[in-house]
Amino acid sequence: MKRTLLGSVLALTLTATHGSAAECLRVIGTEGGGPAVTLDPAFNNLNDDSYQQNLVFNKLVNLDADYQPIPELAKAWSVSEDGKTWTFELEQGVTFHDGKPLTAADVVWSFKRLIDPATGSPGAGLLGFLDPAGIVAVDDHTVTFTTKDVVAELPLLISNKYTMIVQDGATSEVLKATGIGTGPFIQDVYDLAQDTRVFQRNPNYWRAGLPIAACIDLKVITEEVSRIAAIQSGSVDLIVSAGPATVTTLGGDARVKVVPAAAAGGYINLSMQTDQQPFDDVRVRQAMKAVVDRQLVVDTVLLGNGVPGNDTPIAPTNPMALTAETMPRDVAKARALLAEAGYPDGITVDLNTAEAGPSYVLLAQVYQQMAAEAGITVNVVNNPADSYFDVIWMKTPFFVSSWNGRSVPEALAYTFLSDAEYNEGNWKNADYDELVIDARTEVDPAKRAEMVKQAQAILAADGGLIIPVFFTDVAVLRAGCDGFVPHPSASILNYETLTCADRAN
Amino acid sequence: MSFLHLILTRIAASTLTLVLVSMIIFGAVQGLPGDAAARILGREASETAKDRLRQEMNLDAPLVRRYLDWAGGVLQGDLGKSFSGQKPVTEQLLPRLKNTLALAGIALLLYVPLSILPAMMQARHPDRRLDRTLSALTVLILSTPEFLFATLLLFGLAVWLPLFPPIVQLSSGMGWGAWLHALFLPSLTLAILMATYGTRLLRESLIEILQSDHVLLAELKGLSESRILWRHVLPNALIPWMNATALNVAFMIGGVVVVEKVFGFPGFGSMLVDALQMRDLPVISAGVLVAATLFVLANLAADLGALLVNPRLRVKS
């Protein structure tokens with residue numbers, strides 16, 4: 001009996017070959033959406049949505065690694081004398097996957113649908129400066145955006161993860177599972193129950209000679225060890241975003257190639273609610289910030305895969321950042337500030353965290369150690385991960401959070417304006433609001449940069465967020481594969497040049 | 001009459017258990033902290049979108065009313081509509097359940113020889129080197145966390161010795177050979193995890209029966225050693241093993257979650273975990289109900305199996 005069992009196992013391993021799907025390049029994502037995953041750009045909420053939507057759709061304008069606008073479906077743009085009307089000229093000869101040509105009407109529909117309250121897209125808030133009546137198709141290949149006020153960086157601001165171009169008339173109901181776009185790959189097998197998603201090369205793609213890969217097989221593996229095993233065994237070709245531990249494990253392994261993003265992207269932060277005791281006293285907030293050894297957080301929490309932050313959402317590597325220097329740790333100053341605030345014997349605070357995001361718990365523990373030296377006793381409260389963003393996040397005075405990389409104007413507004421929906425620190429500062437809003441209408445880049453820096457100075461000194469580090473995203477390619485570089489923003493993925501020498505192209 | 005009566009009593013008790021379990025499941029699932037709308041739409045969703053989804057999901061009707069609606073639907077085979085997938089739960093659940101039952105089926109087939117053969121080798125010559133080695137091995141596997149054990153097998157048989165694919169990729173067009181090949185490693189993992197407990201239990205009962213009078217009589221009669229072992233000892237020792245197997249099926253419902261996660265297997269367990277994270281209440285309720293039904297059925301089967309194998313249990317006391 002035992003012999004026959006062994007025999008059949010051997011026979012199986014010898015005869016069974018991979019199915020036809022193995023011809024596809026196998027791409028592995030890390031954050032899964034399960035059945036909630038969608039092909040509708042208006043609801044591009046999870047990274048899993050971004051993995052697949054970037055395969056089938058294009059944007060009007062995309063962002064490079066420095067978050068500067070680059071042409072995509074719009075090949076050129078210009079602004080009127082008064083700065084209120086932007087004209088975008090579309091690429092010629094672009095077709096959707098169903099053969100229909102791309103026209104200005106598709107672009108108009110895509111943006112109007114996004115800002116329509118009836119759609120309910122979370123992206124609407126980012127496009128508050130747009131007026132539906134101001135989005136006009138001048139002719140088949142020209143679209144204009146006319147705004148009430150001057151929007152100095154409009155091409156940049158209309159490029160976010162929600163603004164992919166869908167067909168005129170496409171609704172959320174259809175787009176949930178059917179992604180007809182102009183993108184480099186065409187949706188083929190889409191079976192969420194069997195966890196199978198296959199996308200074929202778009203033979204009529206408007207960028208000549210691209211994409212290179214014949215097809216892409218997308219799957220999400222949430223277990224880090226399983227991802228490592230998969231790429232080491234050679235059965236997958238690309239992990240689009242890998243955590244610091246994976247990078248440490250795979251560094252120096254000849255079977256794989258580790259490719260970091262061109263720049264640091266998102267950040268992980270500790271949020272103090274400025275309307276709650278003891279954080280309502282700015283001196284306490286400053287003391288809490290002063291105890292952080294920022295380089296140490298990069299080295300321990302991110303295992304070196306990132307850069308230190310200075311409590312503003314712009315990475316110090318960005319020319320628009322407050323400073324390129326790292327704010328030094330100053331325990332004596334923290335003690336003095338606390339004494340001044342009426343806490344000569346230190347304070348005790350609860351810090352809420354959960355395994356709800358990468359390194360959340362580790363950051364809390366490292367902060368606890370650093371704060372202890374200044375007489376700040378931090379109780380790390382580890383919460384259940386699955387309900388963290390409903391029950392704890394933004395609902396407790398002191399908690400861990402993280403944000404993806406964003407362009408400068410978006411990053412400053414999205415979570416820090418007094419009326420921002422995700423104002424994590426419940427922070428209200430009129431001077432800051434004014435600078436950020438005025439910078440939007442400032443057409444002189446030098447003046448705008450100055451305003452952005454002033455706003456950051458206010459935020460770093462007075463705001464409720466400790467932003468100790470920015471993380472650098474890292475992709476892992478199997479040896480023999482090439483042509484994929486992760487973008488600092490996890491929601492932007494470009495598979496056009498992805499290729500593997502030993503797979504069918 | 002009494003045998004039939006016994007069977008009917010067990011079936012009635014099982015049905016009652018399931019009804020009670022369904023109430024507990026429904027109540028507990030509704031009591032989970034967290035907001036399905038916020039989970040599905042993501043942390044950056046607008047309030048209006050969340051409100052609309054909550055209305056669609058009918059989360060504001062009274063609890064009893066919702067239970068009766070749900071239970072009525074379940075009896076007609078309608079498990080409701082998934083919040084996150086916007087599709088009937090059955091469409092989501094059935095393919096996953098099919099995959100997991102296939103996985104569990106192969107695992108059970110492997111489990112039978114994997115638990116019986118080592119136990120028989122051990123019981124034949126207790127306390128010899130082979131027995132001690134196998135005992136040490138079973139204790140080692142028993143005390144290894146499931147996740148670690150699955151990971152070790154993954155690296156051993158998919159990376160170091162690349163016999164099997166590390167990630168299970170199923171497609172509708174795949175042949176039987178490729179299908180079995182894909183499922184083998186997770187099934188083997190599950191089978192070994194279950195077999196350790198069965199082996200230890202079976203070894204004990206085999207040794208006990210080998211020392212009993214009727215075995216001595218058989219030996220004196222001159223029956224061959226293998227005939228005694230297979231015909232006279234094993235059937236008697238199998239009763240506690242069958243109960244252990246029923247418990248193992250219960251373990252499998254939990255263990256399968258770990259194995260599915262490690263091997264990226266599109267199964268019932270990982271579906272349930274995803275649904276829990278999404279607060280997808282209809283999928284959670286349906287999934288737990290299915291798991292509970294499997295558990296009750298496994299126990300019922302063990303009870304009935306014991307009645308069949310052991311005539312003594314059928315006698316009215």
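This is a short talk on a predicted model with two chains, A and B.

Okay, hi everyone. Since this is a predicted model, let me begin with confidence. Chain A has an average pLDDT of 91, and 95% of the residues score at least 70. There's one stretch to be careful with, though: residues 1-22 of chain A stay under 50 in pLDDT. For that stretch the model has 24 contacts beyond four places in sequence.

Now, where do the chains meet? Chain A puts 45 residues into the contact, and chain B puts in 55. On the chain A side, α1 (2-15), α6 (224-232) and α12 (388-391) each give at least two residues. Sort that side of chain A by class and you get 21 nonpolar, 17 polar and 7 charged residues. Keep in mind that residues 1-22 of chain A are the ones with pLDDT under 50, when you look at α1 (2-15) there.

Let's go to chain B. What is its secondary structure made of? The count is 12 helices and 0 strands. Its C-alpha atoms fill a box of roughly 85 × 60 × 35 Å along the principal axes. Of its 317 residues, 38% count as buried. And if you take the contacts in chain B with a separation of 6 or more, 73% of them are between residues 24 or more positions apart.

Two helix pairs in chain B are worth a look, and both involve α12. Start with α5 (residues 89-124) and α12 (residues 281-309): their axes are 10 Å apart, and the angle is about 40°. An angle of 35 to 65 degrees counts as oblique, so α5(B) and α12(B) are oblique to each other. The crossing is right-handed. From α5(B), the contact uses Val89(B), Gln92(B), Leu93(B) and Leu97(B), and from α12(B) there are Pro282(B), Val283(B), Ala286(B), Gly287(B) and Val290(B). That contact has 7 nonpolar residues, 2 polar and no charged.

The other partner is α11 (residues 268-278) of chain B. Its axis and that of α12(B) come within 8 Å and cross at roughly 145°, and this crossing is left-handed. Here α11(B) brings Phe268(B), Met271(B), Leu272(B), Ala275(B) and Leu276(B), while α12(B) brings Val283(B), Ile284(B) and Gly287(B). By class, that's 7 nonpolar, 1 polar and no charged. So Val283(B) and Gly287(B) turn up in the contact with α5(B) and again in the one with α11(B).

Back to chain A for some backbone oddities. Most residues other than glycine have a negative phi, and most peptide bonds are trans. Which peptide bonds are cis here? One joins Leu210(A) and Pro211(A), with omega about -10°, and Pro211(A) sits in the loop between β9 (196-201) and β10 (215-220). Another runs from Gln277(A) to Pro278(A), with omega near -5°; Pro278(A) is in the loop between β13 (267-272) and α8 (282-290).

Then there are positive phi values. Asp195(A) has phi near 55° and lies in the loop between β8 (185-191) and β9. Asp311(A) has phi of about 65°, in the loop between β14 (306-308) and α10 (331-340). Are they buried or exposed? Asp195(A) has 25 other C-beta atoms within 10 Å, and the cut-off for buried is 20 or more, so Asp195(A) is buried. Asp311(A) also has 25, so Asp311(A) is buried too.

Last stop, Asp433(A), in helix α14 (residues 430-441) of chain A. With 18 other C-beta atoms within 10 Å, Asp433(A) is partly exposed. Leaving aside neighbours within four places in sequence, Asp433(A) is in contact with Leu417(A) and Ser418(A). Thanks, that's me done.

Notes: Residues numbered from 1 in each chain as written. Chains lettered and ligands numbered in written order. Predicted model: local features only at pLDDT ≥ 70, side-chain atom pairs only at ≥ 80, totals over all residues. Contact = placed C-beta atoms within 7 Å. Helix = DSSP H or I, 4+ residues; strand = E, 2+ residues; numbered from the N terminus. Nonpolar A, V, L, I, M, F, W, Y, C, P; charged D, E, K, R; others polar. Buried ≥ 20, exposed ≤ 12 C-beta atoms within 10 Å, placed from the backbone. pLDDT = per-residue confidence, 0-100. Axes fitted to C-alpha atoms, helices over the stretch in contact; angles between N-to-C directions. Parallel < 35°, antiparallel > 145°, perpendicular 65-115°, else oblique. Left-handed = near helix turned anticlockwise from the far one by under 90°.
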